[in-house]
Amino acid sequence: MSWRAARRGIVLLLCLLFCYLRFGWVWFLAVLTGRSVSPMQRAEWMHFCGRIVLSAIGIRYRVEGEPPTGATLIVANHLSYLDIAICSAAVPSAFVAKHEIADWPGFGRLARLGGTIFVDRVSRISAWEVADRMALRLSERVPVLLFPEGTSTDGSEVIRFHPTLFAPAVEGRLTVTPVAIFYQPLEAEKEERDLCWFGDELFFPHLLRVLGIAGFTAVVRFGTPEVYPDRRTAAWRSHDAVVQMRTGKER
């Protein structure tokens with residue numbers, strides 16, 4: 001492990017502790033007023049956590065386009081678990097993520113407190129239960145962010161978007177906002193693929209590698225929100241929008 005990775009790892013742990021303490025304060029204030037922590041408060045807390053976690057890891061981020069607010073389904077390509085922190089920093093939202101993340105040390109607890117909706121991607125029953133929870137969040141005017149590829153990739157292509165979880169937006173006649181995420185390494189010899197987490201790579205080796213590099217800039221590019229007549233149309237048209245934004249990523 002390099003000195004840079006060790007230093008950033010320590011800072012990251014301190015930042016996670018601070019995030020937990022801040023949530024405790026939010027919870028305490030809610031209790032004083034006789035309320036529970038609202039989904040929007042959880043999304044705002046994740047927004048705060050995303051920014052300081054990225055700073056600890058050495059990741060810069062840049063937002064392009066207009067981040068949406070209110071009841072909209074945000075759909076993005078997926079390059080690694082880092083996308084949760086990156087998108088949190090860009091826009092307060094409730095995430096839909098694979099259920100395994102709930103058990104990750106540190107990050108899993110963070111995701112649960114932030115109101116993340118966990119889905120078992122091999123269970124159709126789980127998918128429809130998640131769709132109901134997404135609809136509830138949207139009814140509370142909390143943006144919901146989904147990675148409809150169903151897995152992270154090496155960035156060489158945006159794979160097919162699964163249409164099932166587009167249902168809450170389609171049935172509610174709500175907008176779907178496409179988002180293109182891409183990584184720009186600071187080191188000339190690095191490529192986007194070197195920063196992605198995909199295939200069978202384990203979580204901690206990848207995290208140590210990211211902590212040890214000079215850093216990178218994560219770009220979050222928001223497209224035009226659209227209302228779609230059905231799930232399949234929503235999936236393929238938002239997929240095409242993300243592909244087009246990534247194809248023209250160098251501006």
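This briefing describes selected helices, one strand residue and several backbone angles in the structure above. The model is a predicted one. Two helices receive most of the attention here, namely α1, which covers residues 3–32, and α5, which covers residues 124–139. After them come V219, a residue of strand β7, and the residues R141 and R173, each of which has a positive phi without being a glycine.

**Helix α1 and its packing against α8**

- The end C-alpha atoms of α1 are 44 Å apart, and this agrees with the 44 Å that its 30 residues should span at 1.5 Å a residue.
- The buried residues of α1 are A5, R8, G9, L12, C15, L16, C19, F23, V26 and A30, and they pack against α2, α4 (107–113) and α8.
- Helix α8, made up of residues 203–212, packs with α1 at an angle of about 105°, and the two axes lie 7 Å apart; α1 is therefore roughly perpendicular to α8.
- On the α1 side this contact involves R4, A5, R8 and G9, while on the α8 side it involves L208, V210, L211 and G212.
- Sorted by class, the residues in the contact of α1 with α8 are 4 nonpolar, 2 polar and 2 charged.
- Following α1 comes G34, which has a positive phi near 75°.

**Helix α5 and its two faces**

- With 16 residues, α5 reaches 23 Å from its first C-alpha to its last, which is close to the 22 Å expected at 1.5 Å a residue.
- Buried residues in α5 are S126, A127, V130, A131, M134, R137 and L138, and because they cover an arc of only 140° around the axis, they lie on the same side of α5.
- The partners against which these buried residues pack include both helices and strands, namely α2 (39–57), β2 (72–76), β3 (94–98), β4 (117–119), β5 (144–146) and α6 (167–171).
- The face turned away from the buried side of α5 carries I125, D132 and S139, which are exposed.

**Loop residues with a positive phi**

- As background, most residues other than glycine have a negative phi.
- R141, just after α5, lies in the loop between α5 and β5, and its phi is near 60°, a positive value in a residue that is not glycine.
- R141 counts as exposed because its relative accessibility is 55%, and the cut-off for that class is over 50%.
- R173, found in the loop between α6 and β6 (175–185), likewise is not a glycine and has a positive phi of about 55°.
- The relative accessible area of R173 is 56%, so this residue is exposed.

**V219 in strand β7**

- V219 belongs to strand β7, which runs over residues 216–222.
- Because its relative accessibility is 0%, V219 counts as buried, the cut-off for that class being under 20%.
- Apart from neighbours within four places in sequence, V219 is in contact with R62, E64, A180, I181, F182 and Q184.
- Between the C-alpha atoms of V219 and R124, which are 95 residues apart along the chain, the separation is 33 Å.

Technical notes: Residues are numbered from 1 along each chain as its sequence is written. This is a predicted model: local features need pLDDT of at least 70, side-chain atom pairs count only at pLDDT 80 or more; totals for chains, interfaces and linings use all residues. Side-chain values use heavy atoms; hydrogens and water are left out. Axes are lines fitted to C-alpha atoms, for helices over the stretch in contact, and angles run from 0 to 180 degrees between N-to-C directions. Helices (H or I, at least four residues) and strands (E, at least two) are DSSP runs, numbered from the N terminus. Angles under 35 degrees count as roughly parallel, over 145 as roughly antiparallel, 65 to 115 as roughly perpendicular and the rest as oblique. Contact means heavy atoms within 4.5 Å. Ala, Val, Leu, Ile, Met, Phe, Trp, Tyr, Cys and Pro count as nonpolar, Asp, Glu, Lys and Arg as charged, and the others, Gly among them, as polar. The expected span of a helix is 1.5 Å times one less than its number of residues. Buried means under 20% relative accessible area, exposed over 50%, partly exposed in between (1.4 Å probe, protein chains only). The arc is that of the directions from the helix axis to the C-beta atoms.
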